[in-house]
Amino acid sequence: MQTFKTIQDYCQAINIPAPKHPSFDIRRFEDNMRSVVSAMPPFRHEFYAIALKIEGGGKAISGHHTDFPENSTVFFNSPFQILSWEIVPDWEGYYIMFTQDFVAQSYMANRLLDDFPFLKIDKAIPFEIKRADIPPLLSLYKNIFEEYDSEAADKFQLIESYTLLLLQWVKRLASRRANAQEVHREIRKADLKLLSRFQALIEM
């Protein structure tokens with residue numbers, strides 16, 4: 001199974017343009033659809049990703065969660081989580097990718113997994129969101145996208161702030177979902193506890 005250590009290696013493997021920055025990247029799914037590999041066998045990567053899929057067909061598998069939602073979906077990829085997909089080239093939405101280096105240089109350092117537990121490998125479960133919940137998330141992704149494309153000297157300070165806001169919004173939606181359903185019944189506890197410990201050791 002392939003493991004991609006850098007965002008650049010990952011982008012090259014799935015046939016999309018190289019990132020503009022080694023530690024942080026943002027993409028629109030619709031920009032990728034012209035060239036991205038439509039079927040990707042199981043693989044891992046060593047960085048975080050947070051995505052908002054507004055539309056799109058096909059099948060994606062994120063970690064141990066095989067029942068990927070069909071409608072508007074927020075989903076996460078943690079370092080060393082197993083991923084694969086067979087997608088229809090009609091996906092719309094955004095996703096960001098950031099490395100441990102990005103976390104280490106920001107206010108998220110040391111608190112990321114405590115403050116946002118949905119990024120832990122054993123809790124990174126994709127979930128559907130209501131149409132009414134899309135605009136605030138979409139606005140933040142657009143702000144990050146515009147800053148990332150700008151030439152402003154302080155753009156990464158703003159990107160960091162927008163990313164923290166995005167994480168906070170996702171936390172609210174994830175908490176709402178957790179209150180509505182017993183999320184832990186969907187988790188294969190024994191396997192994922194081992195994976196979570198493995199992730200903690202890697203971070204140490």
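**Exercise 1. The loop that holds Gln-81**

Between which two strands is the loop in which Gln-81 is found? Locate this residue in the predicted model, decide whether Gln-81 is buried or exposed, and find the backbone atom that its side chain reaches.

*Solution.*

Step 1. Gln-81 belongs to the loop that runs between β6 (73-77) and β7 (83-87).

Step 2. The relative accessibility of Gln-81 is 3%. Buried means under 20% relative accessible area, so Gln-81 counts as buried.

Step 3. The side chain of Gln-81 extends to the backbone nitrogen of Ser-78, at 3.0 Å.

Step 4. Phe-80 lies in the loop between β6 and β7 as well. Phe-80 is not a glycine, although its phi is positive, at about 70 degrees. Because its relative accessibility is 16%, Phe-80 also counts as buried.

**Exercise 2. Phe-47 and its surroundings**

Determine where Phe-47 is found, whether Phe-47 is buried or exposed, and which residues Phe-47 touches beyond four places away in sequence.

*Solution.*

Step 1. Phe-47 sits in the loop between β3 (39-45) and β4 (48-55).

Step 2. With 0% relative accessibility, Phe-47 is classed as buried.

Step 3. Residues up to four places away in sequence are set aside, and the contacts that remain include Phe-4, Lys-5, Thr-6, Ile-7 and Tyr-10. Phe-47 also touches Asn-77, Ser-78 and Pro-79, and further on Met-97, Phe-98 and Thr-99.

Step 4. Ser-78, one of these contacts, is the residue whose backbone nitrogen the side chain of Gln-81 reaches. The C-alpha atoms of Phe-47 and Gln-81 are separated by 9.5 Å, while the two residues are 34 apart along the chain.

**Exercise 3. Two asparagines compared**

State the place and the degree of burial of Asn-32, and do likewise for Asn-15.

*Solution.*

Step 1. Asn-32 is placed in helix α2, and its relative accessibility of 4% makes it buried.

Step 2. Beyond four places away in sequence, Asn-32 touches Ile-16, Arg-27 and Tyr-95.

Step 3. Asn-15 is placed in the loop between α1 (7-13) and β2. Asn-15 has a relative accessible area of 45% and is therefore partly exposed.

Step 4. The phi of Asn-15 is near 70 degrees, which is a positive value in a residue other than glycine.

**Exercise 4. The largest cavity**

How many cavities of 30 Å³ or more are there? Describe the volume of the largest one and the classes of residue in its lining.

*Solution.*

Step 1. Rolling a probe the size of a water molecule over the atoms reveals where empty space remains.

Step 2. The count is 2 cavities of 30 Å³ or more, and the largest cavity has a volume of about 300 Å³.

Step 3. The largest cavity is lined by 23 residues, and those closest to its centre are Tyr-10, Phe-29, Phe-75, Asn-77 and Trp-85.

Step 4. Two or more lining residues come from each of α2, β3, β4, β5 (58-62), β6, β7 and β8 (92-98). The largest share, 4 residues, is that of β7.

Step 5. By class, the lining of the largest cavity has 18 nonpolar and 5 polar residues, with no charged residue. Asn-77 and Tyr-10, named in Step 3, are also among the contacts of Phe-47.

**Exercise 5. The second largest pocket**

Which elements each supply at least two residues of the lining of the second largest pocket, and what is the make-up of that lining by class?

*Solution.*

Step 1. The volume of the second largest pocket is about 240 Å³.

Step 2. Its lining consists of 13 residues; Lys-20, Ile-26, Arg-27, Asp-31 and Phe-145 lie nearest the centre.

Step 3. β2 (24-28), α2 (29-32) and α5 (134-149) each supply at least two lining residues, and β2 gives the most, with 4 residues.

Step 4. The lining of the second largest pocket divides into 6 nonpolar, 1 polar and 6 charged residues. Arg-27, which lies among the residues nearest the pocket centre, is also touched by Asn-32.

**Exercise 6. The protein as a whole**

How many helices and strands does the protein have, and what percentage of its residues is buried?

*Solution.*

Step 1. The protein contains 7 helices and 9 strands.

Step 2. Of its 204 residues, 49% are buried.

Step 3. Considering contacts between residues at least 6 apart in sequence, 78% join residues at least 24 apart.

Step 4. The accessible surface comes to about 10800 Å², and carbon and sulfur atoms account for 50% of it.

Technical notes: Residues are numbered from 1 along each chain as its sequence is written. This is a predicted model: local features need pLDDT of at least 70, side-chain atom pairs count only at pLDDT 80 or more; totals for chains, interfaces and linings use all residues. Side-chain values use heavy atoms; hydrogens and water are left out. Buried means under 20% relative accessible area, exposed over 50%, partly exposed in between (1.4 Å probe, protein chains only). A polar contact is a pair of N or O atoms within 3.5 Å; within protein, one must be able to donate a hydrogen and the other to accept it, and residues adjacent in sequence count only if both atoms are side-chain atoms. Contact means heavy atoms within 4.5 Å. Accessible areas come from the Shrake-Rupley method with a 1.4 Å probe; for residues, only the protein chains shown count as cover. On a 1 Å grid over the protein atoms alone, a cavity is a set of points where a 1.4 Å probe fits but cannot get out, and a pocket is an open set with protein on both sides within 12 Å along at least five of seven lines; lining residues have an atom within 4 Å of a point. Grid points are joined across faces, edges and corners, and a volume is the space filled by probe spheres set on the points. Ala, Val, Leu, Ile, Met, Phe, Trp, Tyr, Cys and Pro count as nonpolar, Asp, Glu, Lys and Arg as charged, and the others, Gly among them, as polar.
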